[in-house]
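Dear colleague,

Please find below the structure that I am handing over to you, followed by an account of what was found in it.

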Amino acid sequence: MYEYARTDMPISFPGLFGDWSINPDPVAIPIGNGVRWYGIIICAGLIMAVLYCCKQSKRYGITEDNIYDMMIWQIPLCILGARSYYVLFNLGLYRNADNSLNWGKMIAIWDGGLAIYGAVIVAFLVLLVFCRRKKISFGAFADLGCMGLLIGQLVGRWGNFVNREVFGGETTLPWRMRVWVTESQFIEVHPTFLYESLWNLVGLLLIVFIISRARTFDGENACFYFIWYGLGRTWIEAVRTDTLKLFGLELFGQPIRVSQLLSVILVISALVVLLINKRKHPHGQENLFVNRQAALQAAQAVPASEEDGTERDGE
């Protein structure tokens, strides 16, 4: 089973577009180690995510300054988290001949090796600390941030397309993707990068137009995000050929896939949190952080207006 394809050979979808193909160079600008399209696409997704969150921030009681301040911490730490997650479950790739760890290869992020789950985990941990320090509702900020995550993920997966990676096993389905493993041999596989991108797009639309409008507690969007993304990642991970394994452990004779196991855990955990909070807050939105903030500001404005009225009466 092939896990990687040649990056200098064309990509095509013969079941949909016949002989049409595309052959993008993974390196956009050949300077130093190369400025890659993968990085450019990831940055584009990040910018789109931040801009959208800023546009929606007032609906959650979050300011644009809060978002920009948090991103200063999020960006470098999430990159570190994504790299650490990948290296941890691929330690065999980062050992020398004497079995010692090759720290130089570990930090060579320009050679590839990032895992989105590592970034997601770190993102929520950083957000938790940030919200405690700023005295902001973690649930409200998470509700806003999970939409940004989905935007970043659905856009970022197209970087995998340019790199000819994150594909599944061989298939004959009409939307199969053809990639080349040698100059004369090709395989036709599941375009799992596309599966995940479309899955995230649907999840984003559901949150924007349905879940967010009916939420009754802070954190409801985030719960749905983990349920939706976890379910999608569970079945997509089963199709992928380059999935991370859990230190060689097996279950029912099959290797345990790290992201698949984590997805199941997150789905169950988020579902429990969702059900508990829905029972506590079945109706109404008065307990949402944005509404509590609005009520507090209104209450503070009343005495001031009454005082102004009294002074005018005295005059």
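In this predicted model, R233 and E237 form a salt bridge in which the closest N and O atoms are 2.7 Å apart. The two residues are separated by about one helical turn, because they stand four residues apart in helix 8. R233 and E237 are both buried. In general terms, side chains of opposite charge can pair when their charged atoms come close.

The count of salt bridges comes to 12. Another of them joins E188 to R178, with 2.5 Å between the closest N and O atoms. This pair links distant parts of the chain, since E188 belongs to strand 6 (residues 186-189) and R178 to strand 5 (residues 177-180), the two residues being 10 apart. The partners are covered to unlike degrees: E188 has a relative accessibility of 16% and therefore counts as buried, the cut-off for that class being under 20%. R178, with a relative accessible area of 22%, is partly exposed.

A further salt bridge is formed by D218 and R215, whose closest N and O atoms lie 3.2 Å apart. Both of these residues are buried. D218 and R215 also belong to a network of salt bridges that links them with D143 and R292.

I turn next to the pockets. Helix 8, which carries the R233 and E237 pair, also contributes to the second largest pocket. That pocket holds about 270 Å³ of space. Its lining consists of T234, A238, L251, Q254, P255, I256, R257, Q260, L261 and V264. At least two of the lining residues come from each of helix 8 (220-239), strand 8 (254-257) and helix 9 (258-280). Strand 8 gives the most, supplying four residues. By character, the lining divides into six nonpolar residues, three polar ones and one charged one.

There is also enclosed space to report. The structure holds one cavity of 30 Å³ or more, and the space in the largest cavity is about 30 Å³. The residues that line the largest cavity are I11, N160, F161, R164, E165, M177 and F193. Four of the lining residues are nonpolar, one is polar and two are charged.

On the surface, a nonpolar patch is formed by L16, F17, W20, I22, L173 and W175. Together these residues have about 580 Å² of accessible area. One member of the patch, I22, lies in strand 2 (residues 21-22). I22 has a relative accessible area of 31% and is therefore partly exposed; membership of a patch requires over 30%.

Finally, some overall figures for the chain. It has 10 helices and eight strands. Its C-alpha atoms fill a box of roughly 95 × 45 × 45 Å, taken along the principal axes. Of the 315 residues in the chain, 44% are buried.

With kind regards

Notes. Residues numbered from 1 in each chain as written. Predicted model: local features only at pLDDT ≥ 70, side-chain atom pairs only at ≥ 80, totals over all residues. Heavy atoms only, no water. 1 Å grid on protein atoms, 1.4 Å probe; cavity = no way out; pocket = protein on both sides within 12 Å on 5 of 7 lines; lining within 4 Å. Points joined across faces, edges and corners; volume = space filled by probe spheres on them. Nonpolar A, V, L, I, M, F, W, Y, C, P; charged D, E, K, R; others polar. Patch = residues over 30% accessible without salt bridge, like charges linked within 9 Å, V, L, I, M, F, W, Y side chains within 5 Å. Areas by Shrake-Rupley, 256 points an atom, 1.4 Å probe, with all protein chains shown as cover. Salt bridge = Lys/Arg side-chain N within 4 Å of Asp/Glu carboxyl O. Buried < 20%, exposed > 50% of the residue type's maximum accessible area, 1.4 Å probe, protein only.
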